[in-house]
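Trainee: I'd love a close look at a single part of this fold, with the rest of the chain as background. Please pick a buried spot and build outwards from there.

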Amino acid sequence: MGLKSTLKNLLPPAALDLYHRSMARAAAAWYGNPSERLFVIGVTGTNGKSSTVQFIGRTLENAGYRVGWTSTAGFKVGGREWANDKKMTMLGRFQTQKLLRQMLDTGCTHAIVETSSQGVVQHRHVGINYDVAVWTNLTPEHIEAHGGFENYKKAKGAFFAHVMAGKKKRDADGSPRQKTSVVNVDADHAPYFLSFPAGRRYGYGVKGKTLPANVLGAPFVPVTAENLEVRADGSSFTVEGHAFTLKPIGLFNVYNVLAAIATCRAAGLAWEPLWRAVAKLEPVPGRLEFVDAGQAFPIVVDYAYEPAALNACFDALAPLVTGRVIHVLGSAGGGRDVARRPVLGDLSARRADISIVTNEDPYDDPPERIIDQVAEGALKAGKKDGVNLFRILARQAAIDAAVSMAKPGDLVLITGKGSEPVMAVANGKTVPWDDRDAARRAVRSHA
């Protein structure tokens, strides 16, 4: 048994809490408290965090700043980028502080940290002096781990409270830098996140979808998309009369980019460099990523692993579909939101013509059991085994089957892992894996 497991089993909750906080402060001190000399942006929420992190970072970079980030998808320190193969959204305290130190040492001025609820519960955010807290949305996730939705929401709220209570830094002109919140004001629970005291609040959304002012409560600077057009090849909209064009497809990416626009305004960017920087944004790897291996139909890989994100994925792809949708999906093991497994199966059954349920990240759970639980939801929604529902244990074989079934006009959608470079299996081990490479292999084998 490792040190972490031993401490968790032996220490009372209060002592364990003190241990986590002490380790976080020790890590920050060990690396010289690098966040004190960076403009630090924290992004939390259920869906869209990694995309929002990268859109903020790329926008700042396109505007001439040197940036770094840590996210579920990957890491960036100045000019160096690499994939996150740790199966953790928020790394341990010493690893995160080391990355912040490297950002500072390589000349970065801005750092974006994807900040998870589980990371907050374990105080991995302590010792990071954030300047901006960004909230994307909130839907049920990690409910078993947090002991209920309210605890999950409170963990996100604890992050906002931490940011707003932090010591103010000073800008180049010597003036105190205001602690700032950036909130999706179209989403349920926005009033909760606006309620935290902040020097400045920004609220982003789409005209006609924003919650009423008397519901939202606290005042904020609006960043509202108007004249919105969501097309199969991207989107366009205006904010305060400034025209924005966006390559990444889907309404959810409009929201992710609006979060980036609001955050960059909070960081001091003027409108002209901002819209020019946004126009250069490319789709985020593993998020609605199209795999082109010369096949006669589109193959799309996406990270969506929970119902709201998966539904948004289907919505974004709907304009592209002229034939059938063949969906490859699974669900994670390791005690991760067991209740959502049949929900995912139900959603796939209702939105795809053919559902292929396969292995994803089983951890120590029997993968066959996970597959059966997902398939149960599909069966209840009307799918039939061997007709339009298939259970295939090996993920490569499942992707092979999807590709072999597809005809021109069909769309193959592979969800759950996105650009992740590993699969989590039993005994704490990971094995190399990439859905995009698997799709290319499938196309080659059926050429």
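Mentor: Happy to! Let's agree on a word before we start: a residue is buried when its relative accessible area is under 20%, exposed when over 50%, and partly exposed in between, using a 1.4 Å probe and protein chains only. Keep in mind that this is a predicted model, where local features need pLDDT of at least 70 and side-chain atom pairs count only at pLDDT 80 or more, while totals for chains, interfaces and linings use all residues. Residues are numbered from 1 along each chain as its sequence is written, and side-chain values use heavy atoms, with hydrogens and water left out.

Our starting point is Gly 234, in strand 10 (residues 234-239); helices (H or I, at least four residues) and strands (E, at least two) are DSSP runs numbered from the N terminus. Gly 234 has a relative accessible area of 0%, so it counts as buried. What does Gly 234 touch, once neighbours within four places in sequence are set aside? With contact meaning heavy atoms within 4.5 Å, its partners are Glu 229, Leu 246, Lys 247, Pro 248 and Ile 249. The C-alpha atom of Gly 234 is also 9.3 Å from that of Asn 253, 19 residues away along the chain.

Now move to Phe 237. Leaving out residues up to four places away in sequence, Phe 237 touches Ala 225, Glu 226, Asn 227 and Leu 228 on the earlier side. On the later side, its contacts are His 242, Ala 243, Phe 244, Val 254, Val 257, Leu 258 and Ile 261.

That brings us to the nonpolar core, a set of buried Ala, Val, Leu, Ile, Met, Phe, Trp, Tyr and Cys residues joined through side-chain atoms within 4.5 Å. The largest one has 39 residues, and Phe 237 is among those with the most contacts inside it, alongside Ile 41, Leu 258 and Ile 261. Helix 10, residues 251-266, gives this core the most, with 10 residues. There is also a second, separate core of 35 residues, which includes Met 103, Ala 133, Phe 160 and Val 163. In soluble globular proteins, nonpolar side chains tend to be buried together.

Here is the background you asked for. The chain has 16 helices and 19 strands, and 54% of its 447 residues are buried. Its radius of gyration, taken over C-alpha atoms, is 22 Å, which agrees with the value near 22 Å for a compact globule of 447 residues; that rule is 2.2 Å times the number of residues to the power 0.38. Along the principal axes, the C-alpha atoms fill a box of roughly 65 × 60 × 45 Å. Of the contacts between residues at least 6 apart in sequence, 68% join residues at least 24 apart.

One more buried residue is worth a glance. Leu 288 sits in the loop between helix 11 (271-279) and strand 12 (289-291), and at a relative accessible area of 4% it is buried. Its phi is positive, about 50°, although it is not a glycine. Most residues other than glycine have a negative phi. His 189 also has a positive phi, near 80°, but at 25% relative accessibility it counts as partly exposed. You'll find His 189 in the loop between strand 7 (180-184) and helix 8 (190-194).
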